[in-house]
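Subject: A structure for you to explore

Hi there,

Here is the structure I promised to pass on. Have a look around it first, and then read my notes below.

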Amino acid sequence: HYELPNIAERAIKNINTKPKYISADTIYLNQISLSYLADKKIDGLIPNRKQSKEKIGKLSPNPYHKDHFEYDYELDAFKCPKNQYMYFFAKYYEPHKDPEKPDKIKRLYNNYEACKNCKARNKCCSSSQTHKTITEYGSEMQKAMNHKMEKQEYKDEYAKRSSVEGPFGIFKEQFQIEKEVVTGMIKTEERINLDALAYNLIRLHNIKQEIENKTEDLEDFCESTSIKNQLKLDVTIF
Ligand code: SF4
């Protein structure tokens, strides 16, 4: 997740040129990558999870899923499927497991009154919820990146690059040069096996250290693998 600056620096050294763009998968969308790109004045192309899912036509089929809440950048609010706005109401900092990494920023949005009077509440909320809360992660820099990636010109740039890249790609102007810079395509199956192997090593390490393996980590892993490899997600977690 945090390797973009290291690998980008090595690639820049290899090609001896600062690239115009650096594109990366959603898992690299974090403060460390974004600060690096801003410091280096390189145009980053990193979609968020919803934008990645949208690109491959894998938004949730549930019309009340967060995927179908549209963010309004001017209002700083989400429009729900019943056209009600969920407004920002709180921001929290969650310490990262690794103290050397920046805290995670969590922003919460809701509209208690709108949900209270909504006829679709039983479809949208669980039986224990009185209203919907939308949780968003990331800083203002991440918000700016999300906004940028909504623009067609950046979607097109990203699409050009993601069709040839590995975990992330660094590109100059011409496609031919791009191909040389990219380390090469890895076959999907091999990539999933490597991802699964890495994930299992982390789990084994956690067991040894008596750290709990969380279901959300497994869900995150499955979801990011499905987005990255453009596969349908169909998993049962026991
Ligand atoms: S329950 Fe709330 S968030 Fe869900 S559709 Fe109704 S008003 Fe919108």
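**How far to trust the model**

Over residues 163-185 the pLDDT stays under 50, and the model has 50 contacts beyond four places in sequence for this stretch. Please keep in mind that this is a predicted model. Across the chain the pLDDT averages 82, and 85% of the residues score at least 70.

**The overall picture**

The chain has 10 helices and eight strands. Of its 238 residues, 38% are buried. If you take the contacts between residues at least 6 apart in sequence, 54% of them join residues at least 24 apart.

**The strands**

A good place to begin is the open sheet of five strands, which follow the order β3-β4-β5-β6-β7 with antiparallel pairing. The edges are taken by β3 (70-72) and β7 (133-137); each has a single partner strand, so one side of each has no neighbour in the sheet. On average, neighbouring strands in this sheet are turned by 35° against each other, direction ignored.

Inside this sheet, look at β5 (residues 85-94) and β6 (residues 104-110), an antiparallel pair joined by seven bridges. You can find one of the partnerships by starting from glutamate 94, whose bridge partner in β6 is lysine 104.

Now compare that with another pair of strands. Strand β1 is joined to β2 (residues 43-45) by three bridges, and these two run parallel. Here isoleucine 22 stands opposite glycine 44 in β2. As a general point, the side chains of a regular strand alternate between the two faces of the sheet. You can follow this along β1 (residues 21-24): Tyr21 and Ser23 point one way, Ile22 and Ala24 point the other way, and all are buried.

**The aromatic rings**

How many aromatic pairs does a search of the whole structure find? There are six. In one of them, the ring centres of tyrosine 71 and phenylalanine 78 are 4.9 Å apart and the planes meet at 55°, so this pair is tilted. Both tyrosine 71 and phenylalanine 78 are buried.

Tyrosine 85 and tyrosine 87 make another tilted pair, at 6.2 Å from centre to centre and with 35° between the planes. Are these two tyrosines buried, exposed or partly exposed? Tyrosine 85 has a relative accessible area of 23%, so it counts as partly exposed. Tyrosine 87, at 40% relative accessibility, is also partly exposed.

Some of the rings join into a group: ring pairs link Tyr71, Tyr73, Phe78, Phe88 and Tyr109 into a cluster. There is also a charge to look for beside a ring. The charged end of lysine 148 sits over the ring of tyrosine 154, at 4.9 Å from the ring centre.

**A few single residues**

Serine 33 belongs to helix α2 (residues 31-40). With a relative accessibility of 0%, serine 33 counts as buried. Leaving out residues up to four places away in sequence, serine 33 touches His1, Leu4, Tyr28 and Ile46.

Aspartate 217 is part of helix α10 (residues 215-228). Its relative accessible area is 30%, so aspartate 217 is partly exposed. Which residues does aspartate 217 touch, not counting those up to four places away in sequence? They are Lys97 and Tyr199. If you want a distance to check for yourself, aspartate 217 and arginine 203 are 14 residues apart in sequence and 9.8 Å apart in space, from C-alpha to C-alpha.

Finally, try finding two asparagines with a positive phi. Asparagine 16 has a phi near 55°, a positive value in a residue other than glycine. Asparagine 16 lies in the loop between α1 (4-15) and β1, and it is exposed, with a relative accessible area of 69%. Asparagine 83 is not a glycine either, yet its phi is positive at about 60°. The loop between β4 (77-79) and β5 holds asparagine 83, which is exposed, with a relative accessible area of 53%.

Enjoy exploring, and send me your questions whenever you like.

Best wishes

Methods: Residues are numbered from 1 along each chain as its sequence is written. This is a predicted model: local features need pLDDT of at least 70, side-chain atom pairs count only at pLDDT 80 or more; totals for chains, interfaces and linings use all residues. Side-chain values use heavy atoms; hydrogens and water are left out. Rings of Phe, Tyr and Trp (its six-membered ring) pair if their centres lie within 6.5 Å; planes under 30 degrees apart count as stacked, over 60 as edge-to-face and the rest as tilted. Buried means under 20% relative accessible area, exposed over 50%, partly exposed in between (1.4 Å probe, protein chains only). A charge sits over a ring if NZ of Lys or CZ of Arg is within 6 Å of the ring centre and within 35 degrees of the ring normal. pLDDT is the predictor's confidence in each residue, from 0 to 100. Contact means heavy atoms within 4.5 Å. Two strands pair if DSSP finds at least two bridges between them. Helices (H or I, at least four residues) and strands (E, at least two) are DSSP runs, numbered from the N terminus. Axes are lines fitted to C-alpha atoms, for helices over the stretch in contact, and angles run from 0 to 180 degrees between N-to-C directions.
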